[in-house]
Amino acid sequence: MRKIILLITCMFGISVFSQIKVLKNESLVEIGKDNSVGLYKKEDKFTINYQDLNTSNLNTIRSFSFQNLDSDVSGLYKLIMDGFISTPDENIILELPNDIIELHYEKNYGQPTVQFIQYINKNRKYVGKSQFLNRKQVEKVFGKTNGKSALYEKPGTMHQINGTKSASSQASTAVPSSSTNSKNKKSKK
């Protein structure tokens, strides 16, 4: 009986440690943050983290990421700021490689604000919502108040082969897979 317990203990210990990997510590740079919304850069990828107000668990942190291919970070900042000048009638819808983001503008206490609404994995069933941000908070998140917005255009440390970018860094412009799958199924019959 004692050998069996010892054997089970050893097997459990081995299975736990076989799941642990030591990862290389890659640099994550905070561009800016205000309350529960922050913009971060890792190599050539930018991520916006926010506390999801759409869940009952207030500790839920969500994020969405994109590459800075054609000055996309500056473009997003300008798009958001333009919405403060001329409030859009409807949400501005942005398609990222993995998610759909809506910029929702609303006046709070007479002040124009914007909220990120994230459709996680482009699925309308899974929705995350950030806090509302006013103009000064957006400037802070995008590093305009601390000078870190200069990091937008600095190249990442990712190695590129023959000067080309990896396919994962580009937004998807492919035809929806459902239409190509149905064509493939028909041709196989």
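These legends walk through close-up views of a predicted model.

**View 1. Strands 2, 3 and 4 sit side by side, with strand 3 paired to both of the others.** Start with strand 2, residues 37–42, which runs antiparallel to strand 3, residues 45–51, with six bridges joining them. Look for Gly 38 here: its opposite number in strand 3 is Asn 49. The two strands make a hairpin with two residues in between, and Glu 43 in that turn has a positive phi of about 55°. Strand 3 also pairs with strand 4, residues 61–67, again in the antiparallel sense, this time over seven bridges. Phe 46 has Phe 66 of strand 4 as its bridge partner.

**View 2. Helix 2 keeps its buried residues on one face.** This helix covers residues 72–85, and its 14 residues should span 20 Å at 1.5 Å a residue; the end C-alpha atoms are indeed 20 Å apart, so the two agree. Tucked away are Val 73, Leu 76, Tyr 77, Ile 80, Met 81, Gly 83 and Phe 84, the helix's buried residues. Look down the axis and these buried residues fall within an arc of 150°, which is why they line one face. Turn to the face pointing away from the buried side and you'll meet the exposed residues Lys 78 and Ile 85.

**View 3. Three aromatic rings, from Tyr 50, Phe 64 and Phe 116, form one cluster.** The structure has five aromatic pairs. One of them is Phe 64 with Phe 116, an edge-to-face pair with 5.5 Å centre to centre and 65° between the planes. Phe 64 belongs to strand 4 and Phe 116 to strand 7 (residues 111–119), so this pair ties together parts that are 52 residues apart in sequence. How buried or exposed is Phe 64? With a relative accessibility of 2%, Phe 64 counts as buried. Phe 116 is also at 2%, and it counts as buried too.

**View 4. Tyr 77 of helix 2 pairs with Phe 142 and has a lysine over its ring.** Tyr 77 and Phe 142 are a tilted pair: 5.5 Å centre to centre, with 50° between the planes. Phe 142 comes from the loop between helix 3 (135–141) and helix 4 (177–188), so the pair ties together parts that are 65 residues apart in sequence. Both Tyr 77 and Phe 142 are buried. Over the face of Tyr 77 lies Lys 144, at 4.6 Å from the ring centre. For another charge over a ring, find Arg 124, whose charged end sits over Tyr 119, 4.2 Å from the ring's centre.

**View 5. Asp 34 and Lys 140 join up in a salt bridge.** Five salt bridges are found in the structure. In this one, the N to O distance is 3.6 Å. Asp 34 lies in strand 1 (residues 29–34) and Lys 140 in helix 3, so their contact ties together parts that are 106 residues apart in sequence. Asp 34 is buried at 11% relative accessibility, while Lys 140 is partly exposed at 38%.

**View 6. Asp 52 and Arg 62 form another salt bridge.** Their closest N and O atoms are 2.8 Å apart. Asp 52 is in the loop between strand 3 and strand 4, and Arg 62 is in strand 4, so the pair ties together parts that are ten residues apart in sequence. At 0% relative accessibility Asp 52 is buried, and Arg 62, at 26%, is partly exposed.

Key
Residues numbered from 1 in each chain as written. Predicted model: local features only at pLDDT ≥ 70, side-chain atom pairs only at ≥ 80, totals over all residues. Heavy atoms only, no water. Pairing = 2+ DSSP bridges. Helix = DSSP H or I, 4+ residues; strand = E, 2+ residues; numbered from the N terminus. Expected span 1.5 Å × (residues − 1). Buried < 20%, exposed > 50% of the residue type's maximum accessible area, 1.4 Å probe, protein only. Arc of directions from axis to C-beta. Phe/Tyr/Trp six-rings, centres within 6.5 Å; stacked < 30°, edge-to-face > 60°. Lys NZ or Arg CZ within 6 Å of the ring centre and 35° of its normal. Salt bridge = Lys/Arg side-chain N within 4 Å of Asp/Glu carboxyl O.
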